[in-house]
Amino acid sequence: MELYSPLRTTSLCLFFGSALPFNVVAAIGDDSHLSINLRNLYLDRNFTNSDAPVDRVGNWSQGFDLQFESGYTDTPLAVGLDVNGQYALRLDSTGNDGSLPYSLYHQRAADDYGRAGATLKLKFAKTLVKIGDQKPNLPVASNDPSRLLDTIYQGAVIESRDIDRLQLTAGRFWSIVTRESANHERLYRYGTSDSQDSDGLDFTGATYAITPNLSVSYFHGVLNDIYRQDYGGLKHALAFGDGYLLSTQLGYFNNREDGSARGGPVDNRAYSGLVTLEKSGHLIGISYQRMLGETNFPTLNGYAPQLYLPNWSGIPFIRPEERSWSVRYGYNFAEVGLPGLRLFARFIKGSDIDRGAGLENDAENERDVIINYTVQSGLFKQLSFELKNFHVQRKYETDYNEYRLITSYTWKFW
């Protein structure tokens with residue numbers, strides 16, 4: 001694994017600062033923004049089985065995320081440069097909960113860790129190219145904002161909206177900094193060894209808005225010599241009279257081996273649907289998710305989430321042949337004069353999990369309650385508090401009850 005050094009970012013910035021004319025550098029500063037996000041995480045996971053390997057894991061930690069977002073030069077090919085730096089400090093921890101770097105040798109989480117990087121931006125008409133650090137939200141690769149520091153990919157991505165109602169995306173990611181790491185490492189399949197890594201993840205995709213309320217998407221990704229993935233999706237929103245809004249999301253994944261299939265066989269198809277109805281601050285919804293094939297849904301190292309699966313939560317419900325469904329409810333208290341306060345609750349049940357020949361099928365369920373509040377005005381406007389409770393029960397694996405309290409505040413310098 002390669003340590004990701006802030007010196008690279010410094011060198012990159014110095015190069016651009018010395019190589020570009022002064023008026024170009026000044027133009028990049030126009031419309032720029034500098035901010036720092038302060039994020040405090042308290043996580044406590046209690047394992048409730050009497051035979052659990054450990055009783056409890058968790059941590060209390062503080063994160064800092066400094067972001068500089070530049071404007072663009074006033075040139076036919078507009079140029080911009082974003083710079084970022086993150087740092088996290090462990091205040092207390094017990095065991096390994098996947099939030100902080102953890103040393104198996106010393107059996108403890110790191111005292112602190114940090115990373116830094118930059119992104120070169122090139123824009124022509126409605127086409128944007130980004131080279132460097134990325135936080136994607138794509139069917140083939142997703143950011144993970146669930147803990148202290150985000151997942152960061154490094155690569156090159158091009159997005160074009162030059163054709164009316166059509167967004168085209170293509171790119172390559174060659175490394176990743178996972179949520180609990182300071183290091184850039186090559187991509188590999190979660191659950192396998194980093195010695196079975198890939199040269200990179202190549203992808204293409206398109207999203208077409210058939211109408212303002214109906215869009216379809218297709219993406220193809222190849223984690224070279226590990227797996228290839230196809231995704232097709234549909235999103236639709238229908239507004240009724242009297243303030244009702246019905247939203248539908250459908251998705252299908254087809255996952256199989258690629259090339260030399262480092263990390264072993266991949267045999268998974270997954271389809272899902274989510275329907276929600278909103279009215280006067282209330283949200284109710286149901287979802288269904290089905291796995292087909294002999295292996296888990298493949299994901300990237302660092303337990304990078306697959307946010308295009310509606311039942312991905314504390315546990316992902318992605319095991320072989322698993323069927324899962326959920327019911328959910330949300331409420332926005334702005335409807336009763338308390339803006340900024342929201343509630344979300346969900347119950348997910350998974351069954352028919354294939355554990356292998358001769359073994360009884362497994363089953364699992366999860367109940368989530370999430371309450372968040374964001375200050376709406378005054379000195380601490382946008383200060384937010386989020387309390388999460390996950391209660392997980394599994395037939396043949398460890399059960400747990402987990403609480404997370406996340407406090408977040410972003411200070412904008414300009």
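The paragraphs below lead through strand pairing, salt bridges, a nonpolar surface patch and a pocket in this predicted model.

A convenient place to begin is strand β2, which covers residues 33-47 and has a pairing partner in β3, residues 56-69. These two strands run antiparallel and are joined by 14 bridges, and one point at which to follow the register is Asn37, whose bridge partner in β3 is Asp65. Strand β2 also pairs with β24, residues 400-412, again in the antiparallel sense, here over 13 bridges. For this second pairing Tyr42 is a useful marker, since its bridge partner in β24 is Leu405.

Tyr42 and Leu405 appear again on the surface, where both belong to a nonpolar patch of about 900 Å². The other members of this patch are Leu38, Trp60, Phe64, Tyr87, Leu89, Leu91, Ile371, Leu387 and Tyr403. At least two of the patch residues come from each of β2, β3, β4 (78-94) and β24, and the largest share, three residues, is supplied by β4. Leu89 may serve as an example from that strand; with a relative accessible area of 32%, Leu89 is partly exposed.

From nonpolar side chains we turn to charged ones. Side chains of opposite charge can pair when their charged atoms come close, and in this model the count comes to 26 salt bridges. One of them joins Lys135 and Asp150, with 3.2 Å from N to O. Lys135 sits in the loop between β8 (127-134) and β9 (137-138), whereas Asp150 sits in the loop between β10 (141-142) and β11 (152-160), so the contact ties together parts that are 15 residues apart in sequence. Lys135 counts as partly exposed, because its relative accessibility is 38%.

A further salt bridge is formed by Asp199 and Arg186, whose closest N and O atoms are 3.2 Å apart. Both residues lie in the loop between β13 (183-184) and β14 (201-211), and they are 13 residues apart. Asp199, with a relative accessible area of 41%, is partly exposed, and Arg186, at 36% relative accessibility, is also counted as partly exposed.

The salt bridge between Glu397 and Arg319 has its closest N and O atoms 2.8 Å apart, and it links distant parts of the chain that are 78 residues apart. Glu397 is in the loop between β23 (384-394) and β24, while Arg319 is in the loop between β19 (282-292) and β20 (323-332). How buried or exposed are these two partners? Glu397 is partly exposed, with a relative accessible area of 34%, whereas Arg319 has a relative accessible area of 17% and is therefore buried, the limit for that class being under 20%. The pair does not stand alone, for salt bridges that share partners join Arg319, Asp362, Glu364, Arg394 and Glu397 into one network.

The last feature is the second largest pocket, which holds about 590 Å³ of space. It is lined by 27 residues, and those closest to its centre are Lys130, Asp133, Gln134, Lys135 and Pro136; Lys135 is thus met here again, having appeared above as the salt-bridge partner of Asp150. Two or more lining residues are given by each of β2, β3, β4, β7 (112-124), β8, β9 and β11, and β8 gives the most, with four residues.

Note on methods:
Residues are numbered from 1 along each chain as its sequence is written. This is a predicted model: local features need pLDDT of at least 70, side-chain atom pairs count only at pLDDT 80 or more; totals for chains, interfaces and linings use all residues. Side-chain values use heavy atoms; hydrogens and water are left out. Two strands pair if DSSP finds at least two bridges between them. A salt bridge is a side-chain nitrogen of Lys or Arg within 4 Å of a carboxyl oxygen of Asp or Glu. Buried means under 20% relative accessible area, exposed over 50%, partly exposed in between (1.4 Å probe, protein chains only). Patches are made of residues with over 30% relative accessible area and no salt bridge: like charges are joined within 9 Å, nonpolar side chains (Val, Leu, Ile, Met, Phe, Trp, Tyr) within 5 Å. Accessible areas come from the Shrake-Rupley method with a 1.4 Å probe; for residues, only the protein chains shown count as cover. On a 1 Å grid over the protein atoms alone, a cavity is a set of points where a 1.4 Å probe fits but cannot get out, and a pocket is an open set with protein on both sides within 12 Å along at least five of seven lines; lining residues have an atom within 4 Å of a point. Grid points are joined across faces, edges and corners, and a volume is the space filled by probe spheres set on the points.
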